[in-house]
Amino acid sequence: MFYFFFHRKLFVGGLSWETTDKELREHFSTYGDIESINVKTDPNTGRSRGFAFIVFAKAESLDKIMSAGDHIINNKKVDPKKAKARHGKIFVGGLSTELSDEDIKNFFSQFGTIVEVEMPFDKTKNQRKGFCFITFESEQVVNELLKTSKQTINGKEVCKQPFSQY
C-alpha cells in the first residue's frame, strides 16, 4: 500500500504565499481525480511555506502533469514533481555474536519491507560489530518500531533508535 501511495503523490514547489487548496484543486483536477491536498504551512504563523503535496486517485495523473509543460498558479510558475518515498533508518545496538545476520534480518522484516541492512564488521576481531543499521522502505515502519526502545531477538535484548545523518 505504501509503495503505491507515493506513485500517486505530487510535490508542488514554488507556490505563492497566497495559494490555497482551492487554487491547487482548480488547476490540477483537470489532470485527474484528487484524493487530498496538503499545503504546508508554518505552525507558528499559519503562513504557507511555498509548497504542497497532492495525492491523486490514479498514478497516470502525475504523468499527464509532468508532460504538460509549465504550470502557472496565481500568476506564478510552480514546480511540480513526483514525490519520492522517504525511507526510514534505525540504529540497532546491543547485538551479540550469538545472533546471526539472518536472525536480525528475519526479525525486523516482520515489521516492514527492508531496503538495506548494514552490518559493520570488525576485521581485527574477525566478527560482526555489536550494532547494525536497518533501512526500511517506509518511514512509518520506523515510527512504529520506535514506540518501544527495546526488542528481544531469540532471547537477546537489543535496543534501537532513529538514525540521523546530521
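This report describes selected strands, a helix, some backbone angles and the cysteines of one structure. The model is a predicted one.

**Strand 3 and its partners**

Strand 3 covers residues 48–56. Because 7 of its 9 residues are buried, strand 3 is largely enclosed by the rest of the structure. Two strands that pair with strand 3 are described here. Strand 1, residues 9–13, pairs with strand 3 in the antiparallel sense over 5 bridges. Within this pairing, K9 stands opposite V55 of strand 3. Strand 2, residues 34–41, also runs antiparallel to strand 3, and 6 bridges join the two. Here I37 stands opposite I54 of strand 3. Strand 2 and strand 3 form a hairpin, with 6 residues between them. The turn of this hairpin contains G46, which has a positive phi of about 80°.

In a regular strand, side chains alternate between the two faces of the sheet.

**Helix 3**

Helix 3 spans residues 60–67, and its buried residues are S61, L62 and I65. Viewed down the helix axis, the buried residues of helix 3 fall within an arc of 100°, so they line one face of the helix. Several elements take part in covering these residues. Strand 3 is among them, as are strand 1 and helix 2 (21–28). The cover also includes strand 4 (71–73) and strand 5 (76–82). After helix 3 comes G69, with a positive phi near 90°.

**Positive phi outside glycine**

Most residues other than glycine have a negative phi. Two asparagines with a positive phi are set out below.

| Residue | Phi | Loop | Relative accessible area |
|---|---|---|---|
| N74 | near 55° | between strand 4 and strand 5 | 34%, partly exposed |
| N154 | near 50° | between strand 11 (150–153) and strand 12 (156–162) | 57%, exposed |

Both asparagines are placed in loops: N74 lies between strand 4 and strand 5, and N154 lies between strand 11 and strand 12. N74 is partly exposed, whereas N154 is exposed.

**Cysteines**

How many disulfides does the model contain? The count comes to 0. A disulfide is a covalent bond between the sulfur atoms of two cysteines. To be counted, a pair of cysteine sulfur atoms must be within 2.5 Å. The cysteine sulfur closest to that of C132 is in C159, at 10 Å, and this is too far for a bond. C159 is likewise in no disulfide, as its nearest cysteine sulfur is that of C132, 10 Å away. The accessibility of each cysteine was also computed. C132 counts as buried, at 0% relative accessibility. C159 counts as partly exposed, at 29%.

**A lysine in strand 6**

Strand 6 consists of residues 88–93, and K89 has its place there. Is K89 buried or exposed? With a relative accessible area of 19%, K89 is buried; the term applies because the value is under 20%. The side chain of K89 is joined to that of E118 by a polar contact of 2.8 Å.

Methods: Residues are numbered from 1 along each chain as its sequence is written. This is a predicted model: local features need pLDDT of at least 70, side-chain atom pairs count only at pLDDT 80 or more; totals for chains, interfaces and linings use all residues. Side-chain values use heavy atoms; hydrogens and water are left out. Buried means under 20% relative accessible area, exposed over 50%, partly exposed in between (1.4 Å probe, protein chains only). Helices (H or I, at least four residues) and strands (E, at least two) are DSSP runs, numbered from the N terminus. The arc is that of the directions from the helix axis to the C-beta atoms. Contact means heavy atoms within 4.5 Å. A polar contact is a pair of N or O atoms within 3.5 Å; within protein, one must be able to donate a hydrogen and the other to accept it, and residues adjacent in sequence count only if both atoms are side-chain atoms. Two strands pair if DSSP finds at least two bridges between them.
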